[in-house]
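Hi everyone, thanks for coming. I'd like to walk you through one model today, so let me put it up on the screen.

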Amino acid sequence: MILSLPSIHYCIFDKMVLLIIAGILLLLYSLLILFFWLQWRKIPVYRRTGPMPGLQVSIIVPARNEETTIGNLLDALLQQDYPSGQMEIIVVDDHSTDQTAAVAARYPTVTLLTLRDDGLNSYKKKALERGIAAAKGTWILTTDADCVPHPTWVSTIISFAQAQQSAFVAAPVAFSFNRSVLQQFQALDFLVLQGITGASAHGGHLSLCNGANLAYTKEAFTAAGGFAGIDQIASGDDLLLMHKIAAIRPGAVHYVKSEAAIVHTLPMQTWKTFFNQRIRWASKALHYKDRRITAVLLLVLLLNLCFPVLLTAYLLYGGSYGWAVLGLFVCKTVVEYPFVYAVARFFQMQRLLAFFVFFQPLHILYTILSGFLGQAGHYEWKGRRVK
């Protein structure tokens, strides 16, 4: 028997089926957020004690068209409390068309390299690879040219790494932001991502990190084969490398929860660049060898998809579908709030919580769009079209 169009609509939007699916997804999501919250609270706050670490450190900064920001970074690096004789700074200029290289060249203690390779899909990985090849340090620290670290950034991370016998350390990143809706939304969203990063990495449950604040031994990078095997993926110089090192150094990948290790960076300046950034991040999803991360991302995407599906059912059929949308929205917000509050408190950004409820619809929309568009093909990054 051939189903009529109303029958098909009824099958798709059967209220009981939709509510059961949404309820199951909400339950699983709630357990996930509870897990993140408990894990975040378990991470001890690290404070450096004892003598200054005595390891040689190389700080690698890939830079492309960052003439307005790289000077602030280099000034901050030169003000680190780490012994200058045990720390080198390497800037790798990635085909900049502005005065980035000229600004870096003004600093006599900074080593300036030029990336000459072209026709790549991942210029940042190639720039990091070039810098690491020239590095003299046993430890590699990476950050971005638009970042500003705390004066004790290097000493905190290296002393933590020594204490934990780490091969790879993920560290916290926070946005500096103004009062615009775009920047405050990004700051709050990124805050949550940082909380998930710390909670996931603690105890080795999942492997998440951000390339704006990483440290790993040169030996571990070499032993893992560097970026070989992931060098054709435009993004992933951080998380995908973390997975490779975790595979050969199990138990030696850690997250340092310390205010002294925070690196501050700038949010995207337009909605277009914001979406491009999030699409770039989402593009790595199918390349994760740790399928637990893929499962988590799929769960988050499916739960957020419940909102447009239930909303469509409400517009078509009305009735209690509207209450289902509202109930799911309230439950999601209530479930997330304690975790978001705990992370915001660590970063001293509790003022952002005033916008938490109002930003939820925007967060749901961008999660869905970036989730699908991240797997759809090309996007722009640093003025280049990549995939």
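Let's begin with helix H13, where Phe356, Phe359, Gln360, Ile364, Tyr366, Thr367, Ile368 and Ser370 are buried. Before I go further, please keep in mind that this is a predicted model.

So what covers the buried residues of H13? The cover includes H7, helix H10 (271–282), helix H11 (291–317) and H12. As for its geometry, H13 runs over residues 356–373, and at 1.5 Å a residue those 18 residues should span 26 Å. The C-alpha atoms at its ends are 25 Å apart, which agrees. There is a bend along the way, though: about 30 degrees, at leucine 362.

One of the helices covering H13 is H7, so let me say a word about that one, citing its own length check: residues 181–201 make 21 residues, which should span 30 Å at 1.5 Å a residue, and the end C-alpha atoms are indeed 30 Å apart. Is H7 mostly covered or mostly open? Mostly covered, with 18 of its 21 residues buried.

Now to the sheets. An open sheet of seven strands follows the order E3-E2-E1-E4-E8-E6-E9, and its pairing is mixed. At the edges stand strand E3 (110–114) and strand E9 (253–255); each has a single partner strand, so one side of each is left without a neighbour in the sheet. From one strand to the next, the twist averages 20 degrees.

Let me go through some of the pairings. Strand E1 (residues 57–63) and strand E2 (residues 87–93) run parallel and are joined by seven bridges. Within that pair, isoleucine 59 stands opposite isoleucine 89 in E2. Packed on the sheet is helix H9 (residues 239–248), which touches strand E6 (168–170), strand E8 (214–217) and E9. The direction of H9 makes about 140 degrees with that of E6.

E1 also pairs with E4, again in the parallel sense, over four bridges, and here serine 58 stands opposite isoleucine 140 in E4. E4 and E8, by contrast, run antiparallel and are joined by four bridges. In E8, leucine 214 is the bridge partner of threonine 142.

Which way do the residues of strand E4 (residues 139–142) point? Trp139 and Leu141 go one way, Ile140 and Thr142 go the other way, and all are buried.

There is also an open sheet of three strands, in the order E5-E10-E7, with mixed pairing. Its edge strands are strand E5 (148–149) and strand E7 (173–175), and each pairs on one side only. E5 meets strand E10 (residues 263–265) in the antiparallel sense over two bridges, with valine 263 in E10 as the bridge partner of proline 149.

Finally, the core. The largest nonpolar core has 119 residues, and the members that touch the most others are Trp40, Ile59, Leu74, Leu141, Val154, Tyr216 and Phe347. Which helix gives the most to this core? That is helix H12 (residues 321–346), with ten residues.

Ile59 deserves a second look, as we met it earlier opposite isoleucine 89. Leaving aside neighbours within four places in sequence, isoleucine 59 is in contact with Leu77, Met87, Glu88, Ile89, Ile90, Leu141, Trp153 and Val154. Among those contacts are Leu141 and Val154, which are also on the list of core residues touching the most other members.

That's my tour, and I'm happy to go back to any part of the picture.

Methods:
Residues numbered from 1 in each chain as written. Predicted model: local features only at pLDDT ≥ 70, side-chain atom pairs only at ≥ 80, totals over all residues. Heavy atoms only, no water. Core = buried A, V, L, I, M, F, W, Y, C linked by side-chain atoms within 4.5 Å. Buried < 20%, exposed > 50% of the residue type's maximum accessible area, 1.4 Å probe, protein only. Contact = heavy atoms within 4.5 Å. Pairing = 2+ DSSP bridges. Axes fitted to C-alpha atoms, helices over the stretch in contact; angles between N-to-C directions. Expected span 1.5 Å × (residues − 1). Bend = angle between axes of the 7 residues up to and from the residue.
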